[in-house]
Amino acid sequence: MLTDSLRRSLSVVSMTLVACAAPAWAYEKADFLVSPDASTMGAGETIYYQGHSYTTGTTAFATLSEVEAAGAPQGCTVAFAPGTWTSAFSVNTEGMTLLGANAWIDSRACDRGSASVITANVKVNASGVTINGFDFTGGGRVTNTTCSSESPLEGFTFIFNKAYATTFGRSNTKAVVKLGTIYSDATAATASAQCQVRDVTIAHNTFASDEPNHHVLIAGAFGATTIEDNRFNTGGQPVRMDNSSGEVSIRHNSFKNIGQQAIDAGSSGNPGDFCLSFNRCGYTASTIDIVSNDFAANTGQGTLYPMIRFFPGDGTNMVTPDGSRVNINWNDFRKKKPMLYADGAQSYNYIYYVNKGHGTLVSDVRFNQCDTTNYCYGFVPLEPMSTANATTYRVYADQSCLLKPSSTTVKGWYKQNVAIGDVTVMQSFDIDPVTGDVYFIQVRHGRHFGVHQG
């Protein structure tokens with residue numbers, strides 16, 4: 001019989017395999033080296049790093065600003081030797097790739113060894129920049145708040161980094177990765193707010209903090225935003241997006257123990273925290289895919305306590321997300337803290353909440369796996385399960401999700417027929433005993449309504 005932990009790992013669908021060592025090609029010689037040793041050596045001396053030689057004053061320097069002052073070309077690679085960088089610095093060269101000592105090495109499988117540690121603010125002022133294989137701690141973070149619709153930041157990539165014990169507190173102006181400027185006034189519904197950052201990738205990172213600070217905060221995203229295969233454990237909001245549109249992919253991430261730090265800090269009137277929040281998004285028709293993630297032991301945030309929140313705004317700062325979709329599918333929701341929203345005599349344990357003023361936004365909440373029937377999706381248009389797109393409902397786990405009884409002795413779990421309005425839904429999943437593939441099936445009115453192989 002499969003154990004609960006194995007079921008979870010299979011049902012969430014496999015995350016990227018982790019590695020304790022970088023592949024051989026990762027050690028190719030970089031164009032430049034930043035090393036603490038360069039600060040104590042004279043010009044023309046040799047520094048050896050990862051089997052390659054660099055010359056001080058020509059290809060080896062003590063700081064990135066010295067590299068750029070030496071005429072670093074667009075698209076160059078800069079390796080950072082192990083050490084700690086305590087002073088803020090900027091990246092001003094288009095297409096530059098910064099390779100920390102642990103580039104391409106996943107921090108989740110093992111101790112990565114000596115690290116390139118950043119404890120100050122890194123300002124990314126150029127497009128096409130990649131930051132790969134660093135540790136961020138204390139005040140270490142990456143920012144760009146000068147981008148705009150006239151001059152957007154494009155193609156930023158943040159991969160294989162490790163953020164821990166960050167100390168900049170709970171603020172909407174700071175995060176481990178903070179890109180763009182949040183607009184909450186009437187400007188929120190204009191291109192000025194919604195087109196600041198294009199094509200961002202956040203992948204294969206680990207984020208943890210004893211303080212309720214945000215991990216990833218992106219404002220004005222458009223194009224493609226990819227947030228995949230990250231581990232968020234403790235701290236404040238893992239992912240907050242404001243004034244954003246386009247195609248958003250949030251897949252194969254782990255969200256655990258989110259919100260307790262905000263409670264411990266006595267957050268004013270809003271205990272707990274979201275795992276994902278989308279504020280005044282969907283200026284143009286957009287798609288947000290929240291697929292194959294693991295949500296475990298999180299609190300939810302505020303008086304509603306949802307883990308996932310879509311907030312179009314209110315009053316004069318509304319962004320009505322007409323034509324947009326939020327797809328929440330094939331996720332595992334478990335061990336949510338019992339923090340409920342009371343509405344009259346009824347209480348609701350929200351997984352997801354979207355305001356009623358959502359225009360023609362469609363939320364597809366099928367095929368998720370839950371460990372209790374009382375998890376609730378608040379005010380969800382039941383499309384494609386219903387044609388009444390303009391009408392909103394509360395949907396419960398036993399209506400829309402795959403349930404996972406802890407006492408089950410079979411390899412797949414079967415959901416009895418359930419009526420939602422004029423639609424009858426039956427759903428189930430099974431695990432291939434040879435390949436480990438997970439097959440999710442939903443049947444509507446006797447026809448296959450959807451099949452997904454994980």
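Which ring does the charged end of R141 sit over? Look for F168: the charged end of R141 lies over that ring, 5.7 Å from its centre. Keep in mind as you look around that this is a predicted model.

Let's step back for the overall picture. The protein has 454 residues, and 56% of them count as buried. Its secondary structure is made up of five helices and 44 strands. If you take the contacts with a separation of 6 or more, 67% of them join residues 24 or more positions apart.

Back to R141 and F168, because both turn up again around V176: they are among the residues V176 is in contact with once its neighbours within four places in sequence are left aside. The rest of that list is V142, F158, A163, T166, F207, H214 and H215. You'll find V176 in strand β17, which covers residues 175–179. Is V176 buried or exposed? Its relative accessibility is 1%, so with the cut-off for buried at under 20% it counts as buried. There is also a link to L217: that residue is 41 residues away from V176 in sequence, yet the two C-alpha atoms are 8.0 Å apart in space.

Now for the nonpolar interior. The largest nonpolar core has 71 residues, and the members that touch the most others are I131, F156 and Y352. Take I131 as a way in. Apart from its neighbours within four places in sequence, I131 is in contact with L98, V122, V124, F136, V142, F156, T157, F158, I159 and N161. Two of those names, V142 and F158, are also contacts of V176. There is a second core too, separate from this one, with eleven residues, including L33, A38, I47 and Y49.

Aromatic rings deserve a tour of their own. A pair of rings is described by how far apart the centres are and by the angle of the planes. How many aromatic pairs are there? The count comes to 13. One of them is F80 with F89: the centres are 6.2 Å apart and the planes are at 25 degrees, which is under 30 degrees, so this pair is stacked. Both partners are buried, F80 at 1% relative accessibility and F89 at 12%. Compare F134 and F136, whose centres are 6.5 Å apart with 55 degrees between the planes, making the pair tilted. F134 is buried at 1% relative accessibility, and F136 is buried at 0%.

These four rings belong to one aromatic cluster, which also takes in W85, F156, F158, F207, F232, F255, F295 and F333. So some names are familiar by now: F156 was one of the best-connected members of the largest core, and F207 was a contact of V176.

For another charge over a ring, go to K29, which lies over the face of Y54 at 5.2 Å from the ring centre.

Finally, some empty space. The structure holds three cavities of 30 Å³ or more. The second largest has a volume of about 40 Å³. What lines the second largest cavity? Its lining consists of C281, G282, S286, T287, I288, F310, S324, R325, V326 and L361. Two elements give two or more residues to that lining: β28 (287–291) and β32 (325–329).

Key:
Residues numbered from 1 in each chain as written. Predicted model: local features only at pLDDT ≥ 70, side-chain atom pairs only at ≥ 80, totals over all residues. Heavy atoms only, no water. Core = buried A, V, L, I, M, F, W, Y, C linked by side-chain atoms within 4.5 Å. Buried < 20%, exposed > 50% of the residue type's maximum accessible area, 1.4 Å probe, protein only. Contact = heavy atoms within 4.5 Å. Phe/Tyr/Trp six-rings, centres within 6.5 Å; stacked < 30°, edge-to-face > 60°. Lys NZ or Arg CZ within 6 Å of the ring centre and 35° of its normal. 1 Å grid on protein atoms, 1.4 Å probe; cavity = no way out; pocket = protein on both sides within 12 Å on 5 of 7 lines; lining within 4 Å. Points joined across faces, edges and corners; volume = space filled by probe spheres on them. Helix = DSSP H or I, 4+ residues; strand = E, 2+ residues; numbered from the N terminus.
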